[in-house]
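Please take a moment to look over the sequence and the fold, and keep both at hand while reading. The paragraphs below lead through the structure step by step, from its interior to its surface.

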Amino acid sequence: MSGAFVEDHRTMMSNFPTGVAVVTCADGEGRPYGLTCSSLASVTLEPPTLLVCLAVGSRTLATVARRGAFAVNLLHERAAATAKLFATPGTDRFAAVGWRPTAHGGLPWLVQDTLAVAECELGDITVVGSHAVVFGAVEAITLFEDMPLLYGRRRFTSWPEEEM
Ligand SMILES: Cc1cc2nc3c(=O)[nH]c(=O)nc-3n(C[C@H](O)[C@H](O)[C@H](O)COP(=O)(O)O)c2cc1C
């Protein structure tokens with residue numbers, strides 16, 4: 001497959017704006033892992049099910065597979081710096097944000113950056129090339145009143161102002 005064709009696919013998908021999440025998990029010692037993720041999609045409402053696509057080499061993915069659970073932290077519009085942080089290799093991501101384990105499943109919750117947290121039990125994992133499609137059965141949801149961070153055309157932005 002030509003590099004130009006892959007680049008066309010990337011460009012096409014950059015014109016499909018999304019919200020931005022940080023997918024988190026913690027290992028047996030409570031050590032947190034997480035990465036920025038825009039591949040989040042709703043699969044079904046009944047039962048509440050979502051999917052995320054995680055790079056096969058990701059330590060977060062390995063931790064999710066071992067633990068059998070993960071959290072989806074939906075970022076609010078002031079959390080672009082956190083989105084960049086959790087997309088940057090070689091950084092101590094959790095040292096730079098406020099976080100604590102959720103009450104339901106003890107999964108890492110980015111307390112200052114989220115407008116919602118969904119805690120999921122791990123379902124199927126299907127590997128497609130470089131990424132694993134990870135299904136999650138949603139078990140608990142925490143919602144806050146806020147506006148989402150958006151990502152499209154390779155940049156972060158906010159929801160447009162309401163017209164008067
Ligand atoms: C807006 C945005 C969305 C991203 N979405 C995904 C995604 O859906 N899946 C993924 O594996 N990586 C995604 N990434 C890239 C990862 O966040 C990045 O490669 C990160 O360093 C991976 O962390 P890890 O190496 O600790 O697994 C995204 C990055 C950005 C900036």
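What follows describes a predicted model, beginning with the nonpolar cores and then turning to aromatic rings, salt bridges and a surface patch.

In soluble globular proteins, nonpolar side chains tend to be buried together. In this model the largest nonpolar core has 23 residues, and those with the most contacts inside it are Val 23, Leu 50, Val 52, Leu 54, Phe 70, Val 72 and Val 134. Several elements contribute to this core, since at least two of its residues are supplied by each of the strands β2 (21-26), β3 (32-37), β5 (49-55), β6 (69-75), β9 (114-128) and β10, and likewise by helix α2 (59-67). Leu 50 can serve as an example: leaving aside its neighbours within four places in sequence, Leu 50 is in contact with a list of residues that includes Leu 40, Val 43, Phe 70, Val 72, Ala 118, Cys 120, Val 134 and Val 138. There is also a second, separate core of 12 residues, and among its members are Ala 83, Leu 85, Phe 94 and Leu 149.

Phe 94 leads on to the aromatic rings, of which the structure holds four pairs. Phe 94 and Trp 99 form an edge-to-face pair, with 5.5 Å from centre to centre and 75 degrees between the planes. Phe 94 counts as buried because its relative accessible area is 9%, whereas Trp 99, at 29%, is partly exposed. A stacked arrangement is found between Trp 109 and Phe 144, whose ring centres are 5.8 Å apart and whose planes differ by 10 degrees. This second pair links distant parts of the chain, as Trp 109 lies in strand β8 (residues 108-110) and Phe 144 in the loop between β10 (131-143) and β11 (149-152), 35 residues apart. Trp 109 is buried, with a relative accessible area of 15%, while Phe 144 is partly exposed at 37%. Ring pairs also join Phe 86, Phe 94 and Trp 99 into a cluster.

Charged residues come next. Side chains of opposite charge can pair when their charged atoms come close. The count here comes to five salt bridges, and one of them joins Arg 10 to Glu 7, with the closest N and O atoms 3.1 Å apart. Because these two residues are three places apart in helix α1, about one helical turn separates Arg 10 from Glu 7. Both are partly exposed, Arg 10 with a relative accessible area of 48% and Glu 7 with 34%. Together with Arg 154, Glu 7 and Arg 10 are linked in a network of salt bridges.

Which parts of the chain does the salt bridge between Arg 78 and Asp 146 tie together? The closest N and O atoms of Arg 78 and Asp 146 are 2.9 Å apart. Arg 78 lies in the loop between β6 and α3 (80-85) and Asp 146 in the loop between β10 and β11, so this pair ties together parts that are 68 residues apart in sequence. Arg 78 is exposed, with a relative accessible area of 55%, and Asp 146 is partly exposed at 25%. Another salt bridge is formed by the side chains of Arg 31 and Asp 27, at 3.1 Å from N to O; here Arg 31 is partly exposed at 44%, but Asp 27 is buried at 13%.

Nonpolar residues also appear at the surface, where Met 1, Phe 5 and Val 6 make a nonpolar patch of about 390 Å². Val 6 belongs to helix α1 (residues 3-14), and its relative accessibility of 39% explains why Val 6 counts as partly exposed.

Conventions. Residues numbered from 1 in each chain as written. Predicted model: local features only at pLDDT ≥ 70, side-chain atom pairs only at ≥ 80, totals over all residues. Heavy atoms only, no water. Patch = residues over 30% accessible without salt bridge, like charges linked within 9 Å, V, L, I, M, F, W, Y side chains within 5 Å. Areas by Shrake-Rupley, 256 points an atom, 1.4 Å probe, with all protein chains shown as cover. Salt bridge = Lys/Arg side-chain N within 4 Å of Asp/Glu carboxyl O. Helix = DSSP H or I, 4+ residues; strand = E, 2+ residues; numbered from the N terminus. Buried < 20%, exposed > 50% of the residue type's maximum accessible area, 1.4 Å probe, protein only. Phe/Tyr/Trp six-rings, centres within 6.5 Å; stacked < 30°, edge-to-face > 60°. Core = buried A, V, L, I, M, F, W, Y, C linked by side-chain atoms within 4.5 Å. Contact = heavy atoms within 4.5 Å.
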